[in-house]
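Biologist: Please take a close look at one part of this model for me, the nonpolar core. Then work outwards from there to the packing around it.

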Amino acid sequence: MTTTEPRGPVDSSRIPRYAGPATFARLPRLDEVGTADVAVVGVPFDTGVSYRPGARFGGNAIREASRLLRPYNPAQDASPFALAQVADAGDIAANPFNINEAVETIEAAADDLLGTGARLMTLGGDHTIALPLLRSVARKHGPVALLHFDAHLDTWDTYFGAEYTHGTPFRRAVEEGILDTSALSHVGTRGPLYGKKDLDDDEKMGFGIVTSADVMRRGVDEVAQQLRERIGDRPLYISIDIDVLDPAHAPGTGTPEAGGLTSRELLEILRGLADCHLVSADVVEVAPAYDHAEITCVAASHTAYELTTIMSRQIAAARESGK
């Protein structure tokens with residue numbers, strides 16, 4: 001998309017990080033640049049939660065923590081905001097009193113942003129929002145591969161009879177045919193379930209599972225290699241529930257589970273996926289009311305930064321090759 005030099009973030013060596021509006025990584029707003037290759041968009045919605053609410057405030061908390069991000073990413077040897085135009089597209093305002101209407105609103109707004117040619121880096125919000133985002137991405141790319149980083153499966157059928165909740169998005173996505181069921185995987189799952197049937201149903205849908213214990217025992221390099229082999233060159237969507245991290249690394253979330261990944265493990269696995277065809281991503285379930293010293297928000301902002309870097313590198317490579 002970008003035909004001119006991308007407009008990058010505010011220079012934090014000249015203007016203090018704590019000054020000015022808190023856009024993601026201090027980047028320009030979308031209306032300031034017109035179009036973007038990667039649009040960072042917030043979805044302040046948490047009506048689908050089943051335990052502690054508060055993720056509606058997650059997007060802005062991540063933006064505040066992202067003031068500390070710098071323009072060069074040494075782990076990926078890339079300056080993502082110079083390679084592609086990344087801009088903050090603000091928030092999608094969804095009805096907090098009507099889940100069905102909110103899902104429709106999010107889907108329509110995602111359609112509009114993707115229609116400009118942008119890839120989405122979405123900041124949630126609870127995990128309910130993954131379903132409308134996946135619908136929109138699949139409308140553009142066809143059924144997509146999915147890597148789902150989470151303590152939980154999120155493939156349950158209903159909660160209290162509701163089909164759209166933060167525990168059901170990926171069952172709905174499989175039912176709707178918007179996922180490539182040959183390339184699905186949960187990463188970081190752990191903790192008690194309602195019964196063994198949860199795992200049986202999940203396997204029937206096509207999901208592979210890499211538990212948090214698997215990551216600990218096998219290491220991030222082997223796990224990343226396994227995921228790369230499963231995904232291949234398919235269009236990939238990555239959905240990250242911040243509760244994939246241990247509560248020591250992410251206390252600010254709605255349904256914490258002991259025994260999770262470290263923030264270092266999560267970031268290293270993502271870096272190991274840099275050659276996968278990442279078409280959009282989300283980071284959800286950050287609930288700042290339960291956070292301490294911005295631990296969760298800092299982890300989430302760095303997670304979004306790594307995902308944005310992957311997308312920016314791929315956009316720049318495609319542009320250079322003329323594809």
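Modeller: The largest nonpolar core of this predicted model has 52 residues. Phe24, Met121, Phe149, Ile238, Ile240, Leu273 and Leu307 have the most contacts inside that core. Helix H11 gives the most to the core, with 9 residues. A second core of 40 residues is separate, and includes Leu114, Leu146, Ile178 and Val279. In soluble globular proteins, nonpolar side chains tend to be buried together.

Start with isoleucine 238. Leaving out residues up to four places away in sequence, Ile238 touches Leu147, Phe149, Leu270, Leu273, Leu278 and Leu307, and also Ser280, Ala281 and Asp282.

Leu270 leads to helix H10, residues 263-271, where the buried residues are Glu265, Leu266, Leu267, Ile269 and Leu270. An α-helix has 3.6 residues a turn, so residues three or four places apart point the same way. The buried residues of H10 pack against strand S4, helix H8 (212-218), helix H9 (220-231), strand S7 (236-241) and H11.

Now H11 itself. The axes of helix H2 (residues 58-65) and H11 come within 8 Å and cross at roughly 80°. That crossing makes H2 roughly perpendicular to H11. On the H2 side, the contact is made by Ala61, Ile62 and Ala65. On the H11 side, Cys297, Val298, Ala300 and Ser301 take part.

Next, the aromatic pairs. The structure holds 3 of them. One joins phenylalanine 81 and tyrosine 305: the ring centres are 6.0 Å apart and the planes stand at 55°, so the pair is tilted. Phe81 is in helix H3 (residues 80-83) and Tyr305 is in H11 (residues 295-321), 224 residues apart, so this pair links distant parts of the chain. Both Phe81 and Tyr305 are buried. For Phe81, the relative accessibility is 4%. Beyond its neighbours within four places in sequence, Phe81 is in contact with Pro6, Gly8, Pro9, Ala25, Leu27, Arg70, Pro71, Val86, Tyr305 and Thr308. Phe81 and threonine 309 are 228 residues apart in sequence, yet 8.0 Å apart in space, C-alpha to C-alpha.

Another pair is tryptophan 156 with tyrosine 194. Their ring centres are 5.7 Å apart and their planes are at 80°, so the pair is edge-to-face. This pair also links distant parts of the chain, 38 residues apart. Trp156 is in the loop between S4 (144-149) and helix H6 (169-175). Tyr194 is in the loop between strand S5 (179-189) and helix H7 (196-204). The burial of the two partners is given by their relative accessible areas: Trp156 is buried at 13%, whereas Tyr194 is exposed at 62%. Trp156, Tyr159 and Tyr194 form one aromatic cluster.

Threonine 168 touches two members of that cluster, Trp156 and Tyr159. Other contacts of Thr168, not counting residues up to four places away in sequence, are Asp154, Asp157, Thr158 and Glu163. Thr168 is in the loop between S4 and H6. Its relative accessible area is 0%, so Thr168 is buried.

One charge also sits against a ring. Arginine 52 lies over the face of tyrosine 290, at 4.0 Å from the ring centre.

Back to the neighbourhood of Phe81, by way of Gly8 and Val86. Proline 28 touches both of these too, along with Arg7, Val33, Gln85, Ala87 and Asp88, again not counting residues up to four places away in sequence. Pro28 is in the segment before helix H1 (30-33). Pro28 is buried, with a relative accessible area of 3%. Pro28 and aspartate 88 are 60 residues apart in sequence and 6.3 Å apart in space, C-alpha to C-alpha.

Last, the backbone. Arginine 26 has a positive phi of about 65° although it is not a glycine. Arg26 is in the segment before H1, and counts as buried at 5% relative accessibility. Aspartate 77 is not a glycine either, and has a positive phi of about 50°. Asp77 is in the loop between H2 and H3. With a relative accessible area of 59%, Asp77 is exposed. The peptide bond from glycine 124 to glycine 125 is cis, with omega near 15°. Gly125 is in the loop between strand S3 (119-124) and helix H5 (130-141).

Notes
Residues are numbered from 1 along each chain as its sequence is written. This is a predicted model: local features need pLDDT of at least 70, side-chain atom pairs count only at pLDDT 80 or more; totals for chains, interfaces and linings use all residues. Side-chain values use heavy atoms; hydrogens and water are left out. Rings of Phe, Tyr and Trp (its six-membered ring) pair if their centres lie within 6.5 Å; planes under 30 degrees apart count as stacked, over 60 as edge-to-face and the rest as tilted. Helices (H or I, at least four residues) and strands (E, at least two) are DSSP runs, numbered from the N terminus. Buried means under 20% relative accessible area, exposed over 50%, partly exposed in between (1.4 Å probe, protein chains only). A charge sits over a ring if NZ of Lys or CZ of Arg is within 6 Å of the ring centre and within 35 degrees of the ring normal. A nonpolar core is a set of buried Ala, Val, Leu, Ile, Met, Phe, Trp, Tyr and Cys residues joined through side-chain atoms within 4.5 Å. Contact means heavy atoms within 4.5 Å. Axes are lines fitted to C-alpha atoms, for helices over the stretch in contact, and angles run from 0 to 180 degrees between N-to-C directions. Angles under 35 degrees count as roughly parallel, over 145 as roughly antiparallel, 65 to 115 as roughly perpendicular and the rest as oblique.
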